[in-house]
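I opened a fresh notebook page for this one and wanted to go from the inside outwards. Here is what I looked up, in the order I looked.

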Amino acid sequence: MTLVDSHCHLDDSQFDPDREEVIARALAAGVTQMLAIGTGEGPPDLEAAIRLADRHDFIYATVGVHPHDAAKATAQTFDRLRELARHPKVLLIGEIGLDYHYDFSPREVQREVFASQLGLAAETGKPVAIHTREAWDDTVDLLRRHGHGGVMHCFTGDAGQARQALDLGFHLSFGGVLTFPKAEANREAARLAPAGRLLIETDCPYLAPVPKRGKRNEPAFLVETARKLAEVRGVSLDEIAEATTRNFRGLCLPAACGNG
């Protein structure tokens with residue numbers, strides 16, 4: 001069984017004491033590829049994921065400015081993102097989007113930076129990894145206006161939101177929330193999504209799945225989310241592993257993804 005963690009924050013300081021051991025446990029659990037998210041602590045450092053990807057053949061990277069850090073972005077930030085997007089292991093622009101829960105950056109600034117990064121993704125030919133929290137309508141509006149596809153990261157929405165995202169051409173990436181007892185609306189979304197649009201992720205170190213809930217999440221725990229997704233859809237774990245791995249590789253540039 002081969003799994004791909006399509007969204008993990010391996011640069012997070014929670015992994016500083018044992019990062020290499022975490023990566024080894026992932027490989028032992030069958031997680032043979034990982035997409036490290038390159039938002040880090042925000043500008044000016046935009047290379048957090050690339051540093052990891054450069055050290056490990058099976059780790060790939062994104063680059064982008066998280067909505068929390070939108071107020072830190074400058075013209076030089078976008079110039080640098082444009083350069084980094086050409087790195088051979090950078091597969092997506094992300095995670096980018098809107099977060100109205102914390103409002104760490106003003107909402108208007110978030111929208112401006114989001115729109116600029118959607119433009120950058122179109123320019124560089126990269127899919128996007130979308131973060132949206134309590135900002136669904138504005139996120140969808142901007143995606144419709146800028147017309148770019150990719151991944152709805154850590155999708156926790158309901159069936160209606162799933163249909164909107166699918167109509168926009170997005171893949172839905174399900175994480176640990178899918179396993180939570182009260183997440184039936186999210187499980188309904190997972191049932192209706194076409195098999196060819198499914199991805200799985202940990203978003204580690206956050207949102208550990210049941211039965212690991214409350215612990216620091218890590219890529220090795222991805223198998224629990226895959227198992228729940230298989231149960232929800234009434235298929236085998238192997239089928240979910242095969243489909244989500246194939247979908248991840250299909251979304252990436254073939255030359256970058258390989259068969260690793």
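**Entry 1: the cavity**

I started with empty space, and the largest cavity has a volume of about 70 Å³. My search of the whole structure found one cavity of 30 Å³ or more. For the record, on a 1 Å grid over the protein atoms alone, a cavity is a set of points where a 1.4 Å probe fits but cannot get out, while a pocket is an open set with protein on both sides within 12 Å along at least five of seven lines; lining residues have an atom within 4 Å of a point. Grid points are joined across faces, edges and corners, and a volume is the space filled by probe spheres set on the points.

Before going on, I noted that this is a predicted model, where local features need pLDDT of at least 70 and side-chain atom pairs count only at pLDDT 80 or more, while totals for chains, interfaces and linings use all residues. Residues are numbered from 1 along each chain as its sequence is written, and side-chain values use heavy atoms, with hydrogens and water left out.

Which residues line the largest cavity? I listed Ser6, His7, Leu35, Ile37, Leu92, Ala129, Val151, Ser173, Leu199, Glu201, Phe248 and Leu251. Two or more of the lining residues come from each of β1 and α9 (237-251); helices (H or I, at least four residues) and strands (E, at least two) are DSSP runs, numbered from the N terminus. By class I got eight nonpolar, three polar and one charged, where Ala, Val, Leu, Ile, Met, Phe, Trp, Tyr, Cys and Pro count as nonpolar, Asp, Glu, Lys and Arg as charged, and the others, Gly among them, as polar.

**Entry 2: the pockets**

Next I turned to the open spaces. The largest pocket has a volume of about 810 Å³. Its lining has 31 residues, and His66, Glu95, His131, His153 and Asp203 lie nearest its centre. β4 (90-99) and β5 (128-133) are the elements that give two or more residues to this lining, and β5 has the largest share, with three residues. I sorted the lining of the largest pocket into ten nonpolar, eleven polar and ten charged residues.

The second largest pocket comes out at about 160 Å³. Around it I found Asp11, Ser13, Arg19, Gly40, Glu41, Asp45, Ala48, Arg51, Leu52 and Arg55. Helix α2 (residues 48-55) contributes the most, four residues. Six residues of this lining are charged, two are polar and two are nonpolar.

**Entry 3: the strands**

How many residues of β4 are buried? I counted ten of the ten, so β4 is largely enclosed by the rest of the structure; buried means under 20% relative accessible area, exposed over 50%, and partly exposed in between (1.4 Å probe, protein chains only).

Strand β3 (residues 59-63) has five of its five residues buried. Ile59, Ala61 and Val63 point one way from β3, Tyr60 and Thr62 point the other way, and all are buried.

Then I checked pairing, where two strands pair if DSSP finds at least two bridges between them. Strand β2 (residues 31-36) runs parallel to β3 over three bridges, and Leu35 stands opposite Tyr60. β3 and β4 also pair in the parallel sense over three bridges; Ala61 has Val90 as its bridge partner, and Val63 has Ile93. β4 and β5 are parallel too, over six bridges, with Ile96 partnered by Ile130.

I also looked at Leu3, in strand β1 (residues 3-8). Leu3 counts as buried because its relative accessibility is 0%. Its C-alpha atom is 4.5 Å from that of Val31, 28 residues apart along the chain.

**Entry 4: helix α5**

Last, I went round α5 (residues 136-146), where Trp136, Thr139, Val140, Leu142 and Leu143 are buried. They cover an arc of only 165 degrees around the axis, which puts them on the same side of α5; the arc is that of the directions from the helix axis to the C-beta atoms. Asp137, Arg144 and Arg145 are exposed, on the face turned away from the buried side of α5. Just after α5, Gly147 takes a positive phi of about 55 degrees.
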